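The following paragraphs offer a guided reading of a protein chain, moving from one local element outward to the whole. The sequence and the model are shown first.

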Amino acid sequence: MANDQAIRRYPVPGTIVKEWIIPAKEYSAFTLSRGQILRFVDIEGKQVPDLVCFNKSDLTEQLNMGNTLLLNKRRELRQGDVLYSVTCNPMMTITGYSNEESYAYGPMCSEELNRIRYGVPGTRNCRDNFAMALAPHGLDRRQIPNAFVPFMRVEVEANGSMEIKEPTSRPGDFYDLRAEMDLLVAVSNCPQERNPCNGFNPTPTGMIIYEAG
Ligand SMILES: [Zn+2]
(Lines give C-alpha, C1' and ligand atoms only; values in the text may rest on other atoms or scores of the structure.)
Protein backbone atom coordinates (compact mmCIF):
# COMPACT_ATOMS: atom_id res chain seq x y z
CA MET A 1 0.00 0.00 0.00
CA ALA A 2 1.45 3.40 -1.03
CA ASN A 3 1.84 6.10 1.64
CA ASP A 4 -1.03 8.24 0.35
CA GLN A 5 -3.29 5.18 0.15
CA ALA A 6 -2.38 4.14 3.71
CA ILE A 7 -3.03 7.60 5.18
CA ARG A 8 -6.50 7.64 3.54
CA ARG A 9 -7.53 4.09 4.40
CA TYR A 10 -9.84 5.47 7.10
CA PRO A 11 -11.28 8.87 6.05
CA VAL A 12 -11.24 11.49 8.84
CA PRO A 13 -14.71 12.45 10.18
CA GLY A 14 -14.06 16.18 9.81
CA THR A 15 -11.92 18.84 8.15
CA ILE A 16 -8.18 18.35 7.79
CA VAL A 17 -6.13 21.26 9.17
CA LYS A 18 -2.67 19.81 8.51
CA GLU A 19 -1.19 16.55 7.28
CA TRP A 20 2.40 15.33 7.15
CA ILE A 21 4.61 12.27 7.48
CA ILE A 22 7.27 11.75 10.14
CA PRO A 23 10.00 9.67 8.45
CA ALA A 24 11.28 6.51 10.15
CA LYS A 25 13.20 7.29 13.38
CA GLU A 26 12.42 11.05 13.21
CA TYR A 27 10.32 13.39 15.37
CA SER A 28 7.98 16.36 15.32
CA ALA A 29 6.81 19.13 17.67
CA PHE A 30 3.73 21.25 17.01
CA THR A 31 0.83 23.02 18.70
CA LEU A 32 -2.70 21.67 18.88
CA SER A 33 -5.69 23.88 19.72
CA ARG A 34 -8.35 22.76 22.17
CA GLY A 35 -10.93 20.66 20.28
CA GLN A 36 -8.60 19.68 17.42
CA ILE A 37 -7.99 15.99 16.92
CA LEU A 38 -4.57 14.46 16.29
CA ARG A 39 -4.61 11.31 14.19
CA PHE A 40 -1.65 8.94 13.99
CA VAL A 41 -1.59 6.68 10.94
CA ASP A 42 0.66 3.63 10.88
CA ILE A 43 1.81 3.81 7.24
CA GLU A 44 3.52 0.43 6.79
CA GLY A 45 2.30 -1.36 9.94
CA LYS A 46 3.94 -2.33 13.25
CA GLN A 47 5.25 1.19 14.01
CA VAL A 48 4.66 3.02 17.30
CA PRO A 49 4.64 6.81 17.88
CA ASP A 50 5.62 8.04 21.36
CA LEU A 51 3.60 11.11 22.42
CA VAL A 52 4.20 13.73 25.13
CA CYS A 53 2.33 17.01 25.63
CA PHE A 54 2.43 20.23 27.63
CA ASN A 55 -0.05 22.99 28.48
CA LYS A 56 0.83 25.54 25.77
CA SER A 57 0.48 28.49 28.16
CA ASP A 58 2.41 26.83 31.03
CA LEU A 59 5.01 24.31 29.85
CA THR A 60 5.61 23.15 33.45
CA GLU A 61 2.19 21.45 33.28
CA GLN A 62 3.09 18.27 31.47
CA LEU A 63 1.53 14.90 30.66
CA ASN A 64 1.52 12.51 33.63
CA MET A 65 0.86 8.86 32.85
CA GLY A 66 0.75 7.91 36.55
CA ASN A 67 -2.22 10.22 37.17
CA THR A 68 -3.71 8.99 33.87
CA LEU A 69 -3.71 5.35 34.96
CA LEU A 70 -5.06 6.16 38.44
CA LEU A 71 -7.87 8.44 37.22
CA ASN A 72 -8.99 6.10 34.41
CA LYS A 73 -8.62 3.13 36.79
CA ARG A 74 -7.15 1.22 33.86
CA ARG A 75 -3.74 0.06 32.73
CA GLU A 76 -4.86 -0.50 29.13
CA LEU A 77 -6.48 2.74 27.94
CA ARG A 78 -9.51 2.62 25.64
CA GLN A 79 -11.79 4.97 23.67
CA GLY A 80 -13.20 7.65 25.98
CA ASP A 81 -10.25 7.49 28.38
CA VAL A 82 -8.42 10.74 29.14
CA LEU A 83 -4.74 11.66 29.36
CA TYR A 84 -4.18 13.86 32.44
CA SER A 85 -1.50 16.37 33.39
CA VAL A 86 0.75 16.44 36.44
CA THR A 87 -1.95 18.57 38.13
CA CYS A 88 -4.74 16.21 36.98
CA ASN A 89 -6.26 18.45 34.30
CA PRO A 90 -7.57 16.68 31.16
CA MET A 91 -5.08 17.13 28.30
CA MET A 92 -6.31 14.71 25.59
CA THR A 93 -9.17 12.24 25.13
CA ILE A 94 -8.91 9.02 23.13
CA THR A 95 -11.73 9.46 20.60
CA GLY A 96 -11.20 6.48 18.31
CA TYR A 97 -8.86 3.98 16.67
CA SER A 98 -8.77 1.05 14.30
CA ASN A 99 -6.29 -0.79 16.54
CA GLU A 100 -6.85 -0.49 20.29
CA GLU A 101 -3.37 -1.46 21.45
CA SER A 102 -1.35 1.13 23.35
CA TYR A 103 1.28 1.42 26.05
CA ALA A 104 0.48 3.77 28.91
CA TYR A 105 3.07 2.94 31.57
CA GLY A 106 5.34 5.76 30.44
CA PRO A 107 9.04 4.98 30.04
CA MET A 108 10.54 5.24 26.56
CA CYS A 109 13.70 4.02 24.84
CA SER A 110 16.83 6.02 25.60
CA GLU A 111 20.58 5.93 25.06
CA GLU A 112 20.97 4.65 28.61
CA LEU A 113 18.29 1.94 28.36
CA ASN A 114 19.65 0.71 25.02
CA ARG A 115 23.18 0.54 26.47
CA ILE A 116 22.02 -1.38 29.54
CA ARG A 117 19.54 -3.68 27.76
CA TYR A 118 21.42 -4.35 24.52
CA GLY A 119 25.00 -3.33 25.26
CA VAL A 120 24.96 -0.90 22.34
CA PRO A 121 26.07 2.74 22.79
CA GLY A 122 25.15 5.62 20.49
CA THR A 123 21.77 4.35 19.27
CA ARG A 124 18.97 6.56 18.00
CA ASN A 125 16.25 6.66 20.67
CA CYS A 126 12.98 8.33 21.72
CA ARG A 127 14.43 10.38 24.60
CA ASP A 128 17.00 12.04 22.31
CA ASN A 129 14.27 12.60 19.69
CA PHE A 130 12.13 14.40 22.28
CA ALA A 131 15.13 16.43 23.46
CA MET A 132 15.74 17.62 19.88
CA ALA A 133 12.02 18.26 19.27
CA LEU A 134 11.60 20.27 22.49
CA ALA A 135 14.90 22.20 22.62
CA PRO A 136 13.46 25.05 20.49
CA HIS A 137 10.74 25.42 23.16
CA GLY A 138 13.27 25.81 25.97
CA LEU A 139 12.80 22.33 27.45
CA ASP A 140 15.76 20.08 28.21
CA ARG A 141 16.02 16.29 28.35
CA ARG A 142 15.18 16.13 32.06
CA GLN A 143 11.89 17.93 31.42
CA ILE A 144 10.54 15.19 29.15
CA PRO A 145 7.61 13.44 30.82
CA ASN A 146 6.75 9.78 30.39
CA ALA A 147 5.01 9.05 27.09
CA PHE A 148 1.76 7.57 25.83
CA VAL A 149 2.34 5.16 22.93
CA PRO A 150 -0.48 4.17 20.54
CA PHE A 151 -0.14 0.76 18.82
CA MET A 152 2.59 -0.42 21.24
CA ARG A 153 1.96 -3.87 22.63
CA VAL A 154 3.24 -5.01 26.01
CA GLU A 155 2.06 -8.31 27.36
CA VAL A 156 1.79 -8.67 31.13
CA GLU A 157 1.80 -12.21 32.49
CA ALA A 158 -0.29 -13.40 35.43
CA ASN A 159 2.83 -13.29 37.62
CA GLY A 160 3.34 -9.60 36.80
CA SER A 161 6.28 -9.96 34.40
CA MET A 162 6.03 -7.95 31.19
CA GLU A 163 7.38 -8.28 27.68
CA ILE A 164 7.37 -6.03 24.60
CA LYS A 165 5.66 -7.74 21.64
CA GLU A 166 5.33 -6.90 17.95
CA PRO A 167 2.44 -4.48 17.27
CA THR A 168 -0.64 -5.87 15.54
CA SER A 169 -1.22 -2.59 13.63
CA ARG A 170 -1.50 -2.89 9.85
CA PRO A 171 -0.86 -0.34 7.08
CA GLY A 172 -3.40 2.49 7.42
CA ASP A 173 -4.41 1.82 11.03
CA PHE A 174 -5.21 5.04 12.92
CA TYR A 175 -5.39 6.33 16.50
CA ASP A 176 -7.22 9.59 17.36
CA LEU A 177 -6.69 11.91 20.35
CA ARG A 178 -8.64 15.14 20.94
CA ALA A 179 -6.94 18.10 22.64
CA GLU A 180 -8.76 19.20 25.82
CA MET A 181 -6.58 22.31 26.21
CA ASP A 182 -4.22 24.25 23.93
CA LEU A 183 -1.16 22.02 23.76
CA LEU A 184 2.46 21.81 22.75
CA VAL A 185 2.81 18.24 21.48
CA ALA A 186 5.98 16.29 20.68
CA VAL A 187 6.09 12.94 18.90
CA SER A 188 9.01 10.55 18.54
CA ASN A 189 8.51 8.06 15.72
CA CYS A 190 10.18 5.36 17.81
CA PRO A 191 13.57 4.40 16.30
CA GLN A 192 13.93 1.20 18.36
CA GLU A 193 15.19 -1.70 16.24
CA ARG A 194 16.57 -4.00 18.93
CA ASN A 195 13.28 -5.32 20.30
CA PRO A 196 9.86 -6.17 18.75
CA CYS A 197 8.42 -2.70 19.63
CA ASN A 198 8.42 -1.70 15.92
CA GLY A 199 8.71 -5.21 14.47
CA PHE A 200 12.52 -4.66 14.36
CA ASN A 201 11.95 -2.27 11.43
CA PRO A 202 11.20 1.44 12.10
CA THR A 203 8.95 2.95 9.39
CA PRO A 204 7.12 6.29 8.76
CA THR A 205 4.12 7.57 10.74
CA GLY A 206 1.35 9.63 9.13
CA MET A 207 0.13 12.69 11.06
CA ILE A 208 -3.21 14.42 10.57
CA ILE A 209 -4.67 17.31 12.57
CA TYR A 210 -8.40 17.69 11.95
CA GLU A 211 -11.48 19.37 13.29
CA ALA A 212 -14.58 17.25 13.86
CA GLY A 213 -17.81 17.94 12.05
ZN1 LIG B 1 11.28 4.47 21.43
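In helix H4 of this predicted model, the buried residues are Cys126, Arg127, Asn129, Phe130, Ala131, Ala133 and Leu134. The helix, which comprises residues 126–134, is thus mostly covered, with seven of its nine residues buried. What provides this cover? Among the elements lying over the buried residues of H4 are strand S2 (27–32), strand S4 (49–55), helix H3 (111–118) and strand S13. With respect to the strands, H4 lies across S2, S4 and S13, and runs at about 50° to S2.

These strands belong to one sheet. It is an open sheet of four strands, arranged in the order S2-S13-S4-S5 with antiparallel pairing. Its edges are S2 and strand S5 (58–62), each of which pairs on one side only. From one strand to the next, the twist averages 30°.

The individual pairings can be followed along this order. S2 and S13 run antiparallel and are joined by six bridges; within this pair, Leu32 stands opposite Leu183 of S13. At the other end of the order, S4 and S5 pair in the antiparallel sense over two bridges. The bridge partner of Asn55 is Asp58 in S5. S4 and S5 form a hairpin, and two residues lie between the two strands.

A single residue shows how the helix and the sheet meet. Ala186 is located in strand S13, which covers residues 183–189. Is Ala186 buried or exposed? A residue is classed as buried when 20 or more other C-beta atoms lie within 10 Å of its own; Ala186 has 26 C-beta neighbours inside that distance and therefore counts as buried. Beyond the residues up to four places away in sequence, Ala186 touches Tyr27, Ala29, Val52, Phe130, Ala133 and Leu134. Of these partners, Phe130, Ala133 and Leu134 are among the buried residues of H4. Ala186 and Ala133 are 53 residues apart along the chain, yet their C-alpha atoms are separated by 6.5 Å.

Ala186 also has a place in the nonpolar interior. The largest nonpolar core contains 56 residues, and those with the most contacts inside it are Cys53, Phe130, Leu183, Val185 and Ala186. Leu183, already named as the residue opposite Leu32, is thus one of these highly connected members. Cys53 gives a second view of the core: apart from residues up to four places away in sequence, Cys53 touches Leu63, Met91, Met92, Leu183, Leu184 and Val185. The contacts of Cys53 therefore include Leu183 and Val185, both of which appear in the list of core residues with the most contacts.

A further sheet is built from other strands. Six strands form an open sheet in the order S1-S14-S3-S12-S7-S6, again with antiparallel pairing. Strand S1 (14–22) and strand S6 (82–84) are the edge strands, each pairing on one side only. Neighbouring strands in this sheet are turned by 25° against each other on average, direction ignored. Within the order, strand S3 (residues 37–42) and strand S14 (residues 205–212) pair in the antiparallel sense over six bridges. The bridge partner of Asp42 in S14 is Thr205.

Close in sequence to the beginning of the chain, Ile7 lies in helix H1 (residues 3–7). With 25 other C-beta atoms within 10 Å, Ile7 is buried. Leaving aside neighbours within four places in sequence, Ile7 is in contact with Val41, Ile43 and Gly206. Val41 falls within the range of S3, and Gly206 within that of S14. Sequence separation is accompanied by spatial separation in the case of Ile7 and Asp140, which are 133 residues apart in sequence and 32 Å apart in space, C-alpha to C-alpha.

These local arrangements may now be placed in the chain as a whole. The chain has four helices and 14 strands. Its radius of gyration is 16 Å, close to the 17 Å that the globule rule gives for 213 residues, so the chain is as compact as a globular protein of that length. Along its principal axes, the C-alpha trace spans about 50 × 40 × 40 Å. Of the 213 residues, 43% count as buried. Among contacts with a separation of 6 or more, residues 24 or more positions apart account for 75%; the contact between Ala186 and Ala133, residues 53 positions apart along the chain, is one of this kind.

Conventions
Residues are numbered from 1 along each chain as its sequence is written. This is a predicted model: local features need pLDDT of at least 70, side-chain atom pairs count only at pLDDT 80 or more; totals for chains, interfaces and linings use all residues. A residue is buried if 20 or more other C-beta atoms lie within 10 Å of its own, exposed if 12 or fewer, and partly exposed in between; C-beta atoms are placed from the backbone. Two residues are in contact if their C-beta atoms, placed from the backbone, lie within 7 Å. Two strands pair if DSSP finds at least two bridges between them. Axes are lines fitted to C-alpha atoms, for helices over the stretch in contact, and angles run from 0 to 180 degrees between N-to-C directions. A nonpolar core is a set of buried Ala, Val, Leu, Ile, Met, Phe, Trp, Tyr and Cys residues joined through C-beta atoms within 7 Å. The radius of gyration is taken over C-alpha atoms; the globule rule is 2.2 Å times the number of residues to the power 0.38.
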